[in-house]
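This report describes one sheet of a predicted model, with attention to a single strand and its surroundings.

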Amino acid sequence: MALNAEPSKPEERESRHLAPKSYVNAAEEALEDGVQEKAKQLNGKQPETKKSTGNGQQKNGAVQPVRNGVTTPGEYTGSGILDQPSSRSPVRAHRRKASKNSLKSADSKEELKAEKNGLVLEEFHGARGDRLTSVKPSDDYASSRQDTLDKPKRRSELVSGRKAGLGWDTSGIRWAPLNVPLKRRLQMLMVLLHSLSITLFPAAFFFLLAIPLFWPLLVPYLLYIIFSTAPFSGTLSYRSETLRRLPIWSLFASYFPARLHRSCELPPTRKYLFGYHPHGIISHGAFSAFATEALGFGQLFPGITNTLLTLDNNFRLPLYRDYALRLGLAAVSKESCENILSKGGPNGEGMGRGITIVVGGAREALEAKPGSVRLILKRRKGFVKLAIRTGADLVPVFAFGENDLYDQIDSTEHPWIHKGQLLVKKFAGFTVPLFHARGVFNYDVGLMPYRRSLDIVVGKPIMVKQDKNPNPEYVDEIHAKYMQELLNIWEAHKDAFAKDRTTELEIVE
């Protein structure tokens, strides 16, 4: 025990009105007790009990200070007992080297182990850390620390930046390669020219109109367009079979590709009204099958002269009207239809002639969505009345894949846009569907149709009795038969030609 003039217990100090003992003084007293006990064990005699200072050294020299963490005979180990070290002071571990003399003088295994380990914990006190208390750790701490020191350091992992060019690989636009075969490029060119023909021909006309040198020719031509009745006369005098049979139309049809199928033969001794469904966005299938000979209409139905009908306003466009008349197109007006089906043919009464009407019209174009077919047909009976008045048999035609050529906005998600499109249809007679498909040099963005198969199936004819004033009940009867035959075509061929459908055929309005 340390011989302290002052009482060590807090209650005794309190009774004498002494200040509480500081942490450093308490640690020094504990260190002194440890020194005396160690001296007894080493020397077999009682060490002098003088008050020690905080650096582990007695005042009168009986006990020598600790040097380099070890002691010689007559020295003590400087290990204080620190049961509750202050949490406010940092603690660090370090290794002190033992001198050769101290190692030789050690006469116990315990001392040798402690001296070899040479580990102490140093705790600093004071504002500048000038007061130090040393505490010897346990053997487990030394071994665990040695394991930590011997353990190889873990190499830090590399952190890389983003990969250059990755955005181009994950781009939503797929670009066409440069080594596309020439045939496919020509197919693309023909579809592009046909799709833009309705704007290219008028643009060329107005370009020529800007040159005064051509005015003597263009002004009479404009007057001719205004007063011409060629699109409505039914004479088909401008029709050119040479133009219709050009090989370029085979390139156009093979772009998708498109094919024409017949359900039965049609005798040339009767007249026919072909109803084409669905309208799609631009009706590419109707053009390739009935405005050209690319799909072999004359081969499948020999002796029948067929005319594809389009809007009357298209024949007011300069230069484009002449292009359409040469392909055998005509206006879809009542006058034009009756003239075509009542004139010409072997007997001069229209036998062996046929007209093709896209029954759904511009309204049905707004329903054109891939994977589904919605036909505007329930209330459309004008073409049935026309067939009865002219005595033409009704022939339903269904084009599988026509709605798959373009994508357009969903009318249910954008109702205001849909209402605007209906207003344009009401006042202008045509619609402006907001559609897109692929481009000339990419597969995702543009106004070119997708390369998707078109299979145009011509159904069985529905024979009608000619009547200049058709009975409404008879009209409904023929209309019901026509819709049923259209459904028969769908059911018979949907698994072959509409494998990717998401819905079944719907007949609305």
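## Pairing of E10 with E13

In the predicted model, valine 397 has valine 458 of E13 as its bridge partner. Four bridges connect E10 and E13, and the two strands run antiparallel.

## Pairing of E10 with E5

Strand E5, residues 272-277, pairs with strand E10, residues 393-400, in the parallel sense, and six bridges link them. Among the bridge partners, phenylalanine 274 is matched with valine 395 in E10, and tyrosine 276 is matched with valine 397 in E10. Valine 397 thus appears in two pairings: with tyrosine 276 and with valine 458 of E13.

## The sheet as a whole

These strands belong to an open sheet of seven, ordered E4-E13-E10-E5-E8-E6-E7, with mixed pairing. The edges are occupied by strand E4 (258-262) and strand E7 (330-331); each has a single partner strand, so one side of each is left without a neighbour in the sheet.

## Burial and packing of E10

Eight of the eight residues of E10 are buried, so the strand is largely enclosed by the rest of the structure. Asp393, Val395, Val397 and Ala399 point one way from E10, while Leu394, Pro396, Phe398 and Phe400 point the other way; all are buried.

Helix H19 (residues 472-497) lies across E4, E5, E10 and strand E13 (454-458). The helix runs at about 30 degrees to E10.

Key: Residues are numbered from 1 along each chain as its sequence is written. This is a predicted model: local features need pLDDT of at least 70, side-chain atom pairs count only at pLDDT 80 or more; totals for chains, interfaces and linings use all residues. Side-chain values use heavy atoms; hydrogens and water are left out. Two strands pair if DSSP finds at least two bridges between them. Contact means heavy atoms within 4.5 Å. Axes are lines fitted to C-alpha atoms, for helices over the stretch in contact, and angles run from 0 to 180 degrees between N-to-C directions. Buried means under 20% relative accessible area, exposed over 50%, partly exposed in between (1.4 Å probe, protein chains only).
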